[in-house]
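Welcome, and please take a moment to look over the sequence and the 3D view. The short tour below goes through them one part at a time.

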Number of protein chains: 2
Amino acid sequence: MQDSARLDATFQALSDPTRRAILQRLAREGDVTVMDLAEPFAMSQPAISKHLKVLEKAGLVSRGRDAQKRPVHLEAQPLAEATGWLIEYRKYWSAQFGRLDGLLEELQAIEAAAGKN
Amino acid sequence: MQDSARLDATFQALSDPTRRAILQRLAREGDVTVMDLAEPFAMSQPAISKHLKVLEKAGLVSRGRDAQKRPVHLEAQPLAEATGWLIEYRKYWSAQFGRLDGLLEELQAIEAAAGKN
DNA sequence: CAGTTACAAAACCATATAGTTATTTATATG
DNA sequence: CATATAAATAACTATATGGTTTTGTAACTG
């Protein structure tokens, strides 16, 4: 996917509260099944499956296989890219962010290292 | 606006390449008029105005008045909030981000200070 | 092999999005 | 006051989104 299209898909995926909640849950609890994900939401199973498809298309999650279950797994890379986009422009947003430069360099170094996994 | 609804609107606004380009331009060049913004895009003036309305609803830009012109001004706050959401969960994305905690605290302190403008 | 579990796919609906062209409004200027 | 400029609004179109219910399918279980 084109860089820009990937960002489109990532931000689009993040624009829904149900999907953000799904990502948060995956971040905290690790892999979860669709039924488990659907449980806290006032929403049908197919609705959750649709959200998962959106997340999967954006590369934010991948799916495993465990008998009938299709465990959902968080994929961090697109989140890192989206964060990168936002951070890239922070220095312009306000003079107050000027002194962030050092921190940002560190962040980027760590990100680059993490990207090699 | 509710916190969640604000994030919805921000990420939604960021999910379009034209709008991201507008934000980038505002970040680099400061306030710009609608005509100036529209110029590099293969898109009509009303289309740009619509995008600006989306950005304005999300609180990402505000509009001034200079004779017939309505200069567009970048508002950083929602971008900071979106960045905050992403960064908040980074520590979970990978064990490698564990040592970021100190940096993140600093970032958040600066953000909090900036929020008081 | 009949039933159950976990999920996906299909078909449908209402609303939102992203664009268009044409028109209107507000301000400035000759 | 007539015209030009800058931008908003209106009306329309096509497609996408987010939800529903119903149906289908793959894998386990008794």
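## A term to start with

A polar contact is a pair of N or O atoms within 3.5 Å. Please keep in mind that this is a predicted model.

## Chain A in outline

Let's begin with the protein itself. Chain A has six helices and two strands, and from the N terminus its elements follow the order α-α-α-α-β-β-α-α. Of the 117 residues in chain A, 45% are buried. Taking the contacts in this chain between residues at least 6 apart in sequence, 47% connect residues at least 24 apart.

One residue to look up is A:Arg6, which sits in helix 1 (residues 3-14) of chain A. Its side chain makes a polar contact of 3.2 Å with the side chain of A:Glu81. Leaving aside residues up to four places away in sequence, A:Arg6 touches A:Met1, A:Ala58, A:Gly59, A:Pro78 and A:Glu81.

## Around DNA strand D

Which residues come nearest to DNA strand D? Of the 22 residues around this strand, they are A:Ser44, A:Lys50, A:His51, B:Met35 and B:Ser49. Helix 4 (45-57) of chain A, helix 3 (34-38) of chain B and helix 4 (45-57) of chain B each supply at least two residues of the surface near the strand. Sorted by class, that surface has seven nonpolar, eight polar and seven charged residues.

Among the atoms of DNA strand D within 4 Å of the protein, 65% belong to sugar or phosphate, and the rest to bases. Several side chains place an N or O atom by a phosphate oxygen of this strand: for A:Arg19 the distance is 3.0 Å, for B:Ser49 it is 2.5 Å, and for B:Arg63 it is 2.9 Å.

## Around DNA strand C

Now turn to the other strand in this tour. Of the 21 residues around DNA strand C, A:Met35, A:Ser49, B:Ser44, B:Lys50 and B:His51 come nearest. Sugar and phosphate make up 63% of the atoms of DNA strand C that come within 4 Å of the protein. The surface near DNA strand C divides into seven nonpolar, seven polar and seven charged residues, with helix 3 (34-38) and helix 4 of chain A and helix 4 of chain B each supplying at least two residues.

Here too, phosphate oxygens can be picked out beside protein atoms. One is 2.7 Å from a polar backbone atom of A:Met35. The side chain of A:Ser49 has an N or O atom 2.5 Å from a phosphate oxygen of DNA strand C, and for the side chain of B:Arg19 the distance is 2.9 Å.

## Helix 4 of chain B

Helix 4 of chain B has 13 residues, which at 1.5 Å a residue should span 18 Å; its end C-alpha atoms are 18 Å apart, in agreement. Which residues of this helix are buried? They are B:Ile48, B:His51, B:Leu52 and B:Leu55. These residues lie on the same side of helix 4 of chain B, because they cover an arc of only 100 degrees around the axis. As background, an α-helix has 3.6 residues a turn, so residues three or four places apart point the same way.

The cover over these buried residues includes helix 1 (3-14), helix 2 (17-29), helix 3, strand 1 (61-63) and strand 2 (72-74) of chain B. On the face turned away from the buried side, you will find the exposed residues B:Lys50, B:Lys53 and B:Lys57. After helix 4 of chain B comes B:Gly59, with a positive phi near 75 degrees.

Methods:
Residues are numbered from 1 along each chain as its sequence is written. Chains are lettered from A and ligands numbered from 1 in the order in which they are written. This is a predicted model: local features need pLDDT of at least 70, side-chain atom pairs count only at pLDDT 80 or more; totals for chains, interfaces and linings use all residues. Side-chain values use heavy atoms; hydrogens and water are left out. A residue is near a molecule or strand if one of its heavy atoms lies within 4 Å of it. A polar contact is a pair of N or O atoms within 3.5 Å; within protein, one must be able to donate a hydrogen and the other to accept it, and residues adjacent in sequence count only if both atoms are side-chain atoms. Helices (H or I, at least four residues) and strands (E, at least two) are DSSP runs, numbered from the N terminus. Ala, Val, Leu, Ile, Met, Phe, Trp, Tyr, Cys and Pro count as nonpolar, Asp, Glu, Lys and Arg as charged, and the others, Gly among them, as polar. The expected span of a helix is 1.5 Å times one less than its number of residues. Buried means under 20% relative accessible area, exposed over 50%, partly exposed in between (1.4 Å probe, protein chains only). The arc is that of the directions from the helix axis to the C-beta atoms. Contact means heavy atoms within 4.5 Å.
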